[in-house]
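Trainee: Got a minute? I'd like a quick tour of a model.
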Amino acid sequence: MTPAARVQAAIEVLDHINECTPAEKALTTWARGARYAGSGDRAAVRDHVFQALRCRRSYAALGGGTDGRALLRGALIEAGVAPETVFTGERHAPAVLDDAELMQGRVPEVGAEQADLPDWLWDRFESAFGSSEAMRSAQVLRQRAPVTLRVNAGLSNVSQAIEILNEDGVAVTRISQCDTALIVAEGARRVAGSRAYREGHVELQDASSQAAMAALDIAPGARVLDYCAGGGGKTLALAARVDATWFAHDANFTRMKDLPDRAHRAGIQVTCLDSDAITTAAPFDLVLCDAPCSGSGTWRRAPEAKWRLTPERLEELRATQLTILENAEQHVAPGGQLVYATCSILLAENDRQVAEFLSRHSAWTLTKQMSWPVTEEGDGFFLACLTKAG
Ligand SMILES: C[S@@+](CC[C@H](N)C(=O)[O-])C[C@H]1O[C@@H](n2cnc3c(N)ncnc32)[C@H](O)[C@@H]1O
């Protein structure tokens, strides 16, 4: 496909998304009907679509509308490419911009529009971080996220992992934030098929999640429950550095379906527990609640979420987070830890939740609280460690 044909395909996918189709589904539907598209074409179309979703508001201002054509016109203007060089009307390229379209478009307004956030979220960002840090975070969320690997310290060391990845054409760079984290500089699409990945030397995991798990104090031999385990990424990260007994739970048990295989690949053992089995296996020395959240620290990976979140949905999430903490704390042994984590940068889901929990539970003290801002190297992440009276 020509570059202009890729833009036209992205326009069609964005129009489909505008009709309330989830981005992944719209992309899959397009790819099924576009057998002529090679993997490079599919990746390029996907990049256009996701970038337009990250920058939806500012591109809409620049391009003069919210349909696919306007968004891609806005994207080209921001990239310094004259839209008429792409909207040529030639074979498979977008049709020439008409007079009505050319009348539209303006510079995005200072504030929420430039930040590519809904107004109410921009207000929250500004009041939490101040204008300049709020804008810095928002601008990072407008960019593509890095592909980051975690070296499985249980099986490999960093130099060995880099060497094995290089053999398969995956070039990586180390970062200061975390010893085990490697950012993929070249060959991201080769990671899943690489020997390093297949044999468990590396896992995909954001650097801030890795740094947060590295910040936990876990004694060898401890009994640890990952209460919101999902695919088990946090358990695997912890198990790579401490020899403990690992348990995993998720309200949606099927989310843990890949965990036994992933654990096997990483050379560790994890016991998956349903709610009844938790009661039998309790108490635990540490219960980790990597709670469902707005994902605001990861919106560059899932940009639709920032436009979908509403104040009401945020309140629902907050209620779920507190219920999870209330349920999980009952399974912690005296003197043990309850760890609350989110991949959000919103105070409402982080500091405020910890304060709320502490105000209701006098037996608990906050022993550690850390947060990671969104940066070029890592997603936003929050961690609080609470200790139960012995
Ligand atoms: C942020 S994700 C966890 C990600 C996972 N820890 C990882 O590292 O891949 C939150 C998880 O919490 C689960 N969840 C939602 N409500 C829950 C509840 N009431 N109790 C336990 N798990 C819950 C969801 O099914 C989801 O898998």
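Mentor: Sure, we'll take the ligand site, then a record entry, then a sheet.

Mentor: This is a predicted model: local features need pLDDT of at least 70, side-chain atom pairs count only at pLDDT 80 or more, and totals for chains, interfaces and linings use all residues. Residues are numbered from 1 along each chain as its sequence is written.

Trainee: Which residues come nearest the ligand?

Mentor: Cys228, Gly230, Gly233, Ala251 and Asp290, out of 15 around the ligand. Near means that a residue's C-beta atom, placed from the backbone, lies within 6 Å of the molecule.

Trainee: And which elements give two or more residues to that shell?

Mentor: Helix H13 (233–239) and helix H17 (311–329). Helices (H or I, at least four residues) and strands (E, at least two) are DSSP runs, numbered from the N terminus.

Trainee: New topic. What does UniProt list for residues 137–390?

Mentor: An unreviewed entry there gives "domain: SAM-dependent MTase RsmB/NOP-type". UniProt positions are in the numbering used here, feature names are shortened, and annotations may be inferred rather than shown by experiment. Over residues 137–390 the chain is 33% helix and 25% strand.

Trainee: Now the sheet. What's the strand order?

Mentor: E7-E6-E5-E8-E9-E11-E10, seven strands in an open sheet with mixed pairing. Strands E7 (270–272) and E10 (364–372) are the edges, each pairing on one side only. Two strands pair if DSSP finds at least two bridges between them.

Trainee: How many bridges join E9 to E11?

Mentor: Six, and strands E9 (332–342) and E11 (381–388) run antiparallel. Gln337 stands opposite Thr387 in E11.
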